[in-house]
Amino acid sequence: MVTLGCARNDVDSEELAGRLEAGGFRLVEEPSAAETVVVNTCGFVEAAKKDSVDTLLEASDLKTGGTTRAVVAVGCLAERYGKDLAESLPEADAVLGFDDYPDIAGRLRSILTGEQHHPHTPADRRRLLPISPSERHREQSGSTVVVPGHAIQGAGAPPDLPPGIAPQSGPRAVRRRLDGGPMAPLKLASGCDRRCSFCAIPSFRGSFVSRRPTDLLDEARWLATQGVKELFLVSENSTSYGKDLGDLRLLETLLPELAAVAGVERVRVSYLQPAEMRPGLVSAIAGTDGVAAYFDLSFQHASNAVLRRMRRFGDPERFLTLLEQIRSQAPLAGVRSNVIVGFPGESEDDLQVLCDFLCASRMDAVGVFGYSDEDGTEAASYDGKLGAEEIRERTEHVSRLVEELTSQRAEERHGQRVDVLLESFHGADAEGRAEHQGPEVDGSTTLTGLPRNAKVGDIVPALVTGSGGVDLVARAAVPTIDA
C-alpha cells in the first residue's frame, strides 16, 4: 500500500489494508516483494495529481523482471477520473473507484488472474444521497452507498476478523494500522456540503456524512490498544459534524468522551470552517482536558471581495475577532491555516488585505497555494484570471512573508512550557510535536535532556529554548531518572 495526500487518505488506506488482510492477502514492507502494488492517489490539485501519476509510473517499473504482477490505482484521482485515467495511463493494470472498496480483495484476485477490470465513468457523488442531511444519514445507514473510512453496517461486515484488524465490539470498522506511531487519524465524517467555487472535492467525495459517536468511540478504544496516544480527528469539514445526526453541537459533547478513552493522551481536531465556528466549540477545544488547544482554521483568504467569489464568508475583522476569542480562553493556542493566492479577480488591494491580516493574526503555520483551475469547478469559468507568472510572484511574496511571520511566532514561544509527544529518537535526543503542532505540516520539536527511560509515545513537559523556522528546540523539564 502506497498512500499519497492527506490524513483522510491514510484512514482509507488502513480500511483497504484491513479488508485485504481479512480477504487473505498478506501485506509486505518492501514494494519489490509485492505481487500487487496499490497506490491510494490524491486528486486535489495539479501538483498532487502529478505526484500520483508519477508514483503509479514508478510502481509499474517493478513489473520488469520482479515479483510485482499488477499495479492498481485507488483513491481520489481514481474516483475523480475513472475510465479517463485508465485510458491515459495504461501502466496501471486497474483503476478502482470507491464502490470497489467493499470487495477490494476480490477485485485484486480477479486482476491477478488476468481479468480486465472496467473502470467506472465518473459521476457527481453528491447525487447519491438526499439533499436533507437527516434523510441522507438515514438512507446511507441502510444503503449500499460506499463512504470510505466509515464503519460497515449490517450484512457487509465480516463476522469475525482476526485480532488487530478491527475493534472488538460495536459496528465493525475494518482497519489495519499501517503506521505503528503514537498518532493515528480518526475519521469524523466524509464529504462536504459547501460549494466553494475553487474546490472539486465534494463532487468525488460526495455529500457530508457524519460517523456515529458510538462508532468513533469504539474505534478510538481500539486505536488505544494499538499504542495510539494522540487521536487526530479528520474530515473535509469538522465544524459540520453531527448536523446529519440532528445535533450540530455533537462535537462539543464528543470531544470529552474521546479524551477520556483509556490510553489516549491527546485529541486534536483538524479542518475547522471559520464561518461555522461557534462559542461552544471554541470553548470545548480551548478548555477540555486532553483536547489540544489547536485551531486548524480554513481562512483561504481575508479580502471579503475575494472570499465572496470563492463562495465563502468572512473578512479580517471577523477573523481577528475569532482569534481573539480563542486566545482569550487559551493564550498559547496553536493556530494554522491555508490561503490561496492569485484567485481570479484578486487585485493588488485584495492581496494587501491578505498580507495585513497575516501580519495581525500571529498564526503558527500557514500553507500558501497559488491558484490553479480545477476541472468541473465554478472558478474555472471565471474571468479576471491572472497570468501564471503573476500568480507565481504573488505566491512567492506571500510565502516569504509567512516564513518570516511564523518564525517570529515560534520565537515568541521561547521560554514557554510545552508538552511534547515523542515520535522518534536520534541518539539521546528525540523529535516530537508540542500541542500547537499538528502532524506533518506544522513543524516539530527537538527535545533534549530526556529521562533515560523515555520512549516513543511519552508526552514530556519541556521548556522551549530555541527555534528554527516553525521548528522548536526544548529541554525536558523533568529530572533524569536511571532506567
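I'll start in the sheet: Y294 has G334 as its bridge partner in β11. Keep in mind that this is a predicted model. That bridge belongs to the pairing of β10 with β11, which is parallel and runs over three bridges. On β12 there is another parallel pairing with β11, this time over six bridges. One position to look at there is I340, which stands opposite F369 in β12. As for how covered β11 is, seven of its eight residues are buried.

Back to Y294 for a moment. R268 lies over the face of the Y294 ring, 4.5 Å from the ring centre.

Next, the nonpolar cores. In general, nonpolar side chains in soluble globular proteins tend to be buried together. Here the largest nonpolar core has 69 residues. Which residues have the most contacts inside it? They are L231, L233, F295 and L297. Take F295 as the example. Setting aside neighbours within four places in sequence, F295 is in contact with L272, M277, V282, I285, A286, I326, A333, G334, V335 and R336. There is also a second, separate core of 21 residues, and V72, V74, A94 and V146 are among its members.

Three of those F295 contacts, V282, I285 and A286, bring us to helix α9, residues 279–287. The buried residues in α9 are L281, V282, A284, I285 and A286. What covers them? The cover includes helix α8 at 250–259, strand β9 at 266–269, β10, and helix α11 at 316–329.

Now the aromatics. The structure holds seven aromatic pairs, and I'll go through two of them. The ring centres of F299 and F357 are 5.2 Å apart, and their planes are at 80°, so this pair is edge-to-face. F299 sits in the loop between β10 (294–296) and α10 (304–309), while F357 is in helix α12, residues 348–361, so the pair ties together parts 58 residues apart in sequence. Are these two residues buried or exposed? Both F299 and F357 are buried.

The other pair is F343 with Y371. Their ring centres are 5.3 Å apart with the planes at 75°, so this pair is edge-to-face. It links distant parts of the chain, 28 residues apart: F343 is in the loop between β11 (334–341) and α12, and Y371 is in the loop between β12 (365–370) and α13 (388–412). F343 has 0% relative accessibility and counts as buried. Y371, at 9%, counts as buried too. F343 and Y371 also belong to one aromatic cluster, together with F198 and Y382.

Last, the cysteines. How many disulfides does the structure hold? Zero. A disulfide is a covalent bond between the sulfur atoms of two cysteines, and the cut-off used here is 2.5 Å between sulfurs. Why is C192 not in one? The closest cysteine sulfur to that of C192 is in C196, at 6.4 Å, so the distance is too far for a bond. C196 is in no disulfide either, and its nearest cysteine sulfur, in C199, is 6.2 Å away. On accessibility, C192 is at 9% relative accessibility and counts as buried. C196 has a relative accessible area of 12% and is buried as well.

That covers the sheet, the cores, the aromatics and the cysteines.

Definitions and conventions: Residues numbered from 1 in each chain as written. Predicted model: local features only at pLDDT ≥ 70, side-chain atom pairs only at ≥ 80, totals over all residues. Heavy atoms only, no water. Buried < 20%, exposed > 50% of the residue type's maximum accessible area, 1.4 Å probe, protein only. Phe/Tyr/Trp six-rings, centres within 6.5 Å; stacked < 30°, edge-to-face > 60°. Helix = DSSP H or I, 4+ residues; strand = E, 2+ residues; numbered from the N terminus. Lys NZ or Arg CZ within 6 Å of the ring centre and 35° of its normal. Core = buried A, V, L, I, M, F, W, Y, C linked by side-chain atoms within 4.5 Å. Contact = heavy atoms within 4.5 Å. Pairing = 2+ DSSP bridges.
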